[in-house]
Amino acid sequence: MSTEKDSEKEHDEKRIDVPTAMRNASAQLTELLRCEPGSVSAVKATDDGWSADVEVVEVERVPDTMSVMASYRVQLDPQGRLMSYERLRRYARGQIDRR
């Protein structure tokens, strides 16, 4: 007889690990957008899989600090397949967040 604990364990075994989620989020988004990959600034497990914030270079400029960057929120399923994405903001590469 299967218990709730067994079901949770089985679900966790199917879930990819954090480094793989980071690589998948970056690779799949940059492939779709055809933009230079930047970095993954955040990743977290969700009930539906993974959520990651990915930085990409949208417009390459000289000097490099004037390149236009964008931050995207990417949703992956537990196996690391891209389910959705949305652009959160655009900014100059040299810009520092003020808080």
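Strand 3 of this predicted model is largely enclosed by the rest of the structure, because seven of its nine residues are buried, where buried stands for a relative accessible area under 20%. The surroundings of this strand can be followed through its two pairings and then through the helix that lies across the sheet.

On one side, strand 3, which spans residues 68-76, pairs with strand 2, residues 49-59, in the antiparallel sense, and nine bridges hold this register. Two positions help to locate the pairing by eye: Val56 has Ala70 of strand 3 as its bridge partner, and Ser51 stands opposite Gln75 of strand 3.

Strand 3 is also joined to strand 4 by nine bridges, and these two strands again run antiparallel. Here Leu76 stands opposite Leu82 of strand 4, and the two strands form a hairpin with five residues between them. Within that turn, Gly80 has a positive phi of about 95°.

These pairings belong to an open sheet of four strands, which has the order 1-2-3-4 and antiparallel pairing. Strand 1 (36-46) and strand 4 (82-92) stand at the edges of the sheet, and since each has a single partner strand, one side of each is left without a neighbour in the sheet. Neighbouring strands are turned against each other by 20° on average, with direction ignored.

Helix 2, residues 18-33, lies across strand 1, strand 2, strand 3 and strand 4, and the helix runs at about 40° to strand 2. Strand 3 is therefore to be pictured with paired strands and a helix lying across it, while seven of its nine residues are buried.

How values were computed
Residues are numbered from 1 along each chain as its sequence is written. This is a predicted model: local features need pLDDT of at least 70, side-chain atom pairs count only at pLDDT 80 or more; totals for chains, interfaces and linings use all residues. Side-chain values use heavy atoms; hydrogens and water are left out. Two strands pair if DSSP finds at least two bridges between them. Axes are lines fitted to C-alpha atoms, for helices over the stretch in contact, and angles run from 0 to 180 degrees between N-to-C directions. Contact means heavy atoms within 4.5 Å. Buried means under 20% relative accessible area, exposed over 50%, partly exposed in between (1.4 Å probe, protein chains only).
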